[in-house]
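Colleague: Could you take me through the salt bridges in this model, looking closely at one group of linked charges and at how its members are placed?

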Amino acid sequence: MPIEGIELDNDKFVELLGKLIGESKHLQNNPPEFVPKEDRAARHVLDVLEPLSQENGGPLRIRHISYVEGRGNIVVEYPGEQEGGIMSFVGCHMDVVTANPDTWTFDPFSLSIDGDKLRGRGTTDCLGHVALVTEFFRQLGERRPKLKRTIVGVYIANEENSKILGIGIDEMVSRGELDSLKAGPLYWVDVADSQPCIGTGGIVAWSLTAKGKMFHSGLPHKSINPLELAMSSLAYMQDRFYKDFPPHPEEERYGFATPSTMKPTQWNYPGGSINQIPGEATICGDCRITPFYDVQQVMDKLRSYVDDLNSASSGALEALPTHGPCSKYVLPEEGLRGKVELTFFDSYAKGIACNLDSVGFNAMTSAFSKVYGYCKPYAITGSLPCIRELQEAGYDVQCIGFGRMATYHANDEYALLSDFRKGFEVMRELVLHFNTV
């Protein structure tokens with residue numbers, strides 16, 4: 001049966017999504033407090049697709065791949081012609097970020113419906129896409145259209161945590177489980193706002209600790225104030241960062257909303273009374289790096305800025321702006337110098353600039369234009385794990401998704417049923433495009 005006219009089955013989609021959101025309390029990923037069991041979501045996907053598997057007389061080839069108990073991945077294939085090529089929908093993940101019910105206006109761990117809104121943790125990121133891809137393969141399995149290309153769907157575990165590896169797509173790629181997908185376009189289904197995302201940013205999370213001299217606040221000339229030292233040191237580092245990593249010409253071509261940035265996001269100090277200048281203070285923050293700069297080079301540059309501040313011969317510390325007549329970062333009579341220490345958090349991620357000349361990109365823009373009447377790709381310095389590594393390994397990665405950007409990782413997360421209906425049509429048009437090429 002041809003697939004030209006297939007549409008999302010609202011009832012079946014919402015029924016499956018309700019089951020998935022009902023598991024979301026157990027899918028929260030923030031170890032050690034929250035360790036997800038993605039198999040709780042996987043079983044609902046398998047309940048829909050396994051009756052259509054080759055083992056049960058259907059066309060679907062299904063693999064449940066697990067490296068950690070209870071935390072499996074799923075690969076489903078709808079076979080095309082033997083030499084007809086391949087295309088894939090990858091990245092819809094079965095874990096979610098945490099949710100505190102006390103800060104939501106509705107229960108995050110059960111699906112509720114308000115008109116077009118589908119509400120609950122994971123509706124946008126990313127259980128809605130899990131249900132969408134499952135519904136698409138269910139219809140392929142039931143209709144059995146004759147296709148040239150094999151269509152593959154990959155549901156992954158552990159997308160929301162990059163500190164603990166060996167569970168999700170990183171392990172599947174390292175073991176060669178997805179090597180066949182290099183032969184065709186790979187659509188990463190985990191972005192938002194129903195237009196292609198063609199660029200993302202890398203991220204380097206850092207911690208800058210300033211060490212001074214604790215003293216009574218009534219005698220500030222006897223102290224090295226680490227709060228002031230941290231502020232001035234960060235300003236010095238930011239000034240150098242923006243000179244070393246200015247806006248890149250390619251950012252305009254891709255439509256990046258911002259260039260590379262370095263900014264503080266957290267303050268911390270050991271505590272003490274209000275009339276006590278502390279001995280140290282820490283600023284934490286991140287750098288968001290457009291994909292046209294190397295993340296490792298950024299880290300090396302940040303280290304060099306700190307090395308210069310700590311070098312007595314450079315004069316950089318002495319040249320920092322102070323804050324009033326008693327503010328200072330060196331106490332020569334005591335042989336004391338302020339010091340700054342830079343550390344990086346455990347993991348960093350690279351950004352991606354999708355290939356704008358690939359067959360996958362051209363098919364994607366055609367599909368969106370057909371469904372929406374236009375295609376307006378965007379690029380942001382938000383980060384997505386894994387995809388740059390997939391691109392570097394030889395995959396033609398393009399990013400699509402149909403959640404709501406405004407509710408990503410937010411309280412009161414929701415998505416729109418109408419957006420998923422359009423998303424289903426985009427997937428259909430992509431398959432049709434490659435079935436005729």
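Modeller: What follows is a close look at one salt-bridge network.

This is a predicted model, in which local features need pLDDT of at least 70 and side-chain atom pairs count only at pLDDT 80 or more, while totals for chains, interfaces and linings use all residues. Residues are numbered from 1 along each chain as its sequence is written, and side-chain values use heavy atoms, with hydrogens and water left out.

If a salt bridge is taken as a side-chain nitrogen of Lys or Arg within 4 Å of a carboxyl oxygen of Asp or Glu, the count comes to 26 salt bridges. One of them joins arginine 40 to glutamate 23, with the closest N and O atoms 2.8 Å apart. Because arginine 40 lies in helix α2 (residues 39–49) and glutamate 23 in the loop between α1 (10–21) and α2, this pair ties together parts that are 17 residues apart in sequence; helices here are DSSP runs of H or I with at least four residues, numbered from the N terminus.

Glutamate 23 also meets arginine 43 in a salt bridge, at 2.5 Å from N to O. Arginine 43 is in helix α2 and glutamate 23 in the loop between α1 and α2, so this pair ties together parts that are 20 residues apart in sequence. Through shared partners, salt bridges join Glu23, Arg40 and Arg43 into one network.

As for accessibility (buried is under 20% relative accessible area, exposed over 50%, partly exposed in between, with a 1.4 Å probe and protein chains only), glutamate 23 is buried at 5%, whereas arginine 40 is partly exposed at 33% and arginine 43 is partly exposed at 43%.

Technical notes. Helix = DSSP H or I, 4+ residues; strand = E, 2+ residues; numbered from the N terminus.
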